[in-house]
Amino acid sequence: MNTQVIQISDPILQKSDLSRAAEIIRAGGLVAFPTETVYGLGGDGTDDSAAKKIYAAKGRPSDNPLIIHVAAPEDADRYAVVNATYRRLAKAFMPGPLTVILQKREIVPKSVTGGLDTVAVRCPSHPVAHALIALAGVPIAAPSANLSGKPSPTCAAHVIADLSGRVDMILDGGDCEIGLESTIVKVDGEDEITLLRPGGITYDALCMVVSKVNIAPAVTHALAQNEHPLSPGMKYRHYAPNIPVVLLSGESKKVTAFLANEQKTKKCALLCYEEELPFLRADRLFPVGKRDDLAAQAQTLFRLLREADRTDAEIIYAHLPPETGLGLALYNRMIRAAAHTIKEV
Ligand code: TXA
Ligand code: MG
């Protein structure tokens, strides 16, 4: 398949390009597009065969359900059974990086939901994503636009590397602002939700809107053998570079000293803080941002994991993020990348 790559800098001026992309979606084809979180691999969310194409293009197991993307929060009602809790979440956080799991309606094929009776709904705020969904006139089912097992793509170059020749079109809208996938919550009842995947909307922000916010154990811990995951995606190995990743925890000076010492004896790639640069040798060094700048770290993490994985390092070291604020989302992705390997120094 020949994949067209189109740069979109202005969705209003480039309406004809976006209309062509929307036409591909309506005709059952696949278009990768930017969102504020990561790039998505989109197809018609009401079309069984488009869903099958998405799974094939990603090399993804078909029991791992897709998120459907809508142009306006109210549109969720057409595809899912919404309630007051959804409306409150939507009012507070949509359009934006929040995905809500609700009971699905008949119109959403089971291939989209991996056989489940629930469906994940998200209304992205990125202007290109919004324009594409609105022009398509159908909800867009989209997982992250990476090959299964790779870090989610945060720029078009990552999508091209993973999916060129596997999709009809890639819309290049530049770097994603947040850099980590959306926060996913499941509505359990009136005024109660469970956080399944932390993201740009933090636990604390959710607590301002919903009285009871549970955190699924798999957010911070490895699933026990035979444990049933609340979200099918939790059971798959994610974001796993080929080079083993080890997370370091401990007093900051000690961690920096440990890294400097490891550089002397091992070929290691380091995802370090900017403040550490003067203390480290300059090879295979990937600064993630300042120690306290979690937003910068979120934005760069997946790109740096891809880059570190392309070096000749035998090991990748990174810091164990805090479990608070946006740190929880970083923590959740990092412990997966590291297959839960944490070293105390
Ligand atoms: O930011 C995002 O959410 C990006 C952009 C493209 O919107 N999308 C994304 O999709 O990250 P994906 O497919 O890579 O991750 C969706 C996760 C999967 O782990 C899946 O298991 C879970 O959402 N999920 C989807 N539908 C679900 C459902 N009905 N019940 C429980 N989990 C669900
Ligand atoms: Mg994904």
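Modeller: Before we start, contact here means heavy atoms within 4.5 Å. Helices (H or I, at least four residues) and strands (E, at least two) are DSSP runs, numbered from the N terminus. This is a predicted model, where local features need pLDDT of at least 70 and side-chain atom pairs count only at pLDDT 80 or more, while totals for chains, interfaces and linings use all residues. Residues are numbered from 1 along each chain as its sequence is written, chains are lettered from A and ligands numbered from 1 in the order in which they are written, and side-chain values use heavy atoms, with hydrogens and water left out.

Colleague: Okay, which strands stand at the edges of the five-strand sheet, and why is one side of each left without a neighbour?

Modeller: Two strands count as paired if DSSP finds at least two bridges between them. This open sheet has parallel pairing and runs in the order β15-β14-β16-β13-β17. A single partner strand each is what the edge strands have, so one side goes without a neighbour in the sheet for β15 (285-287) and β17 (342-344).

Colleague: Which residue in β15 stands opposite Leu270?

Modeller: β14, residues 268-272, pairs with β15 in the parallel sense over three bridges. Opposite Leu270 you'll find Leu285.

Colleague: At what angle does α8 run to β16?

Modeller: Axes are lines fitted to C-alpha atoms, for helices over the stretch in contact, and angles run from 0 to 180 degrees between N-to-C directions. Helix α8 (residues 252-265) lies across β13, β14, β15, β16 and β17. Its angle to β16 (315-319) is about 165°.

Colleague: And how many residues of α10 are buried?

Modeller: Buried means under 20% relative accessible area, exposed is over 50%, and partly exposed is in between (1.4 Å probe, protein chains only). Helix α10 (residues 327-337) lies across β13, β16 and β17, and what covers its buried residues includes β11, α9 (294-309) and those three strands. Among the buried ones are Tyr331, Arg333 and Arg336. The count is 11 of 11.

Colleague: What phi does Ala339 have?

Modeller: Ala339 sits in the loop between α10 and β17. At 49% relative accessibility, Ala339 counts as partly exposed. Most residues other than glycine have a negative phi, and most peptide bonds are trans. Ala339 isn't a glycine, yet its phi is positive, about 45°.

Colleague: What about omega for the cis peptide bond from Met94 to Pro95?

Modeller: Pro95 is in the loop between α4 (84-93) and β6 (98-104). For that cis bond, omega is near -5°.
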